[in-house]
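Visitor: I'm new to reading protein structures. Could you walk me through one and tell me how each label is earned?

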Amino acid sequence: VEIVKAMHLKEYDKALKLIDEAHTFKRDAIDLYYLAAEIFMNQGKSDEAKNRLSKALGINPLFAPAYYLFGCIYMEENVLDQARESLRKAIYIDKYFLMAHFYIAQTYKNEGNIKEAIREHRNTLNLLSKIKSEDIIAYSGGYNAATLMSVCRDNLERLKLEQ
């Protein structure tokens, strides 16, 4: 709880110190590697973030959030093929991973593949329609389903104009 609180306050050094302390008690705590990776990504230290994600996958190769965050890092680096591959792995492991669906649509949009971007936004909307609008979406940074649905609809309208 303290780690997440420090992260939200952007007190990254404090959060990393707490993560290191927690690791002394539980070396294979996969969530700690993920949180550290998220911090490093936010700091622009993508190599260190990838290193932590690799450690998480070494503990559990089916940890979908690690593939999701790899996808986000590759998107920031504009390596869209690798981003999409990582996001697809996250979805393969967890077909309801909403943010992975959402960001795959973004990779297609960034490449100019409008048809596929539209399809993926529709997939995201379909999944969103199955949950409560006030539900917070995992790994979204605190967005609820209604907000993500609105963003997807806006993106769809813009993409339809680009066809």
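Guide: Sure, let's take one helix and then two cysteines, keeping in mind that this is a predicted model.

Visitor: How do you know that the length of helix α7 agrees with its 14 residues?

Guide: Helix α7 covers residues 98-111, and at 1.5 Å a residue it should span 20 Å. The C-alpha atoms at its ends are 21 Å apart, so the two values agree.

Visitor: And what comes right after α7?

Guide: That's G112, which has a positive phi, near 85°.

Visitor: Why is α7 called largely enclosed?

Guide: Buried means under 20% relative accessible area. In α7, 10 of the 14 residues are buried, so the rest of the structure largely encloses this helix. Among the buried ones are L98, F102, I104 and Y108.

Visitor: What covers those buried residues of α7?

Guide: The cover includes α5 (64-76), α6 (80-93), α8 (114-128) and α9 (145-162).

Visitor: On to the cysteines. How many disulfides does the structure hold?

Guide: It holds 0 disulfides. Take C72: its nearest cysteine sulfur belongs to C152 and is 14 Å away. A disulfide needs the two sulfur atoms within 2.5 Å, so a pair at 14 Å doesn't count. Likewise, C152 is in no disulfide, with the sulfur of C72 as its nearest.

Visitor: What makes C72 count as buried?

Guide: Its relative accessibility is 10%, and the cut-off is under 20%, so C72 is buried.

Visitor: Is C152 buried or exposed?

Guide: Buried, because its relative accessible area is 0%, which is under 20% too.

Definitions and conventions. Residues numbered from 1 in each chain as written. Predicted model: local features only at pLDDT ≥ 70, side-chain atom pairs only at ≥ 80, totals over all residues. Heavy atoms only, no water. Helix = DSSP H or I, 4+ residues; strand = E, 2+ residues; numbered from the N terminus. Expected span 1.5 Å × (residues − 1). Buried < 20%, exposed > 50% of the residue type's maximum accessible area, 1.4 Å probe, protein only. Contact = heavy atoms within 4.5 Å.
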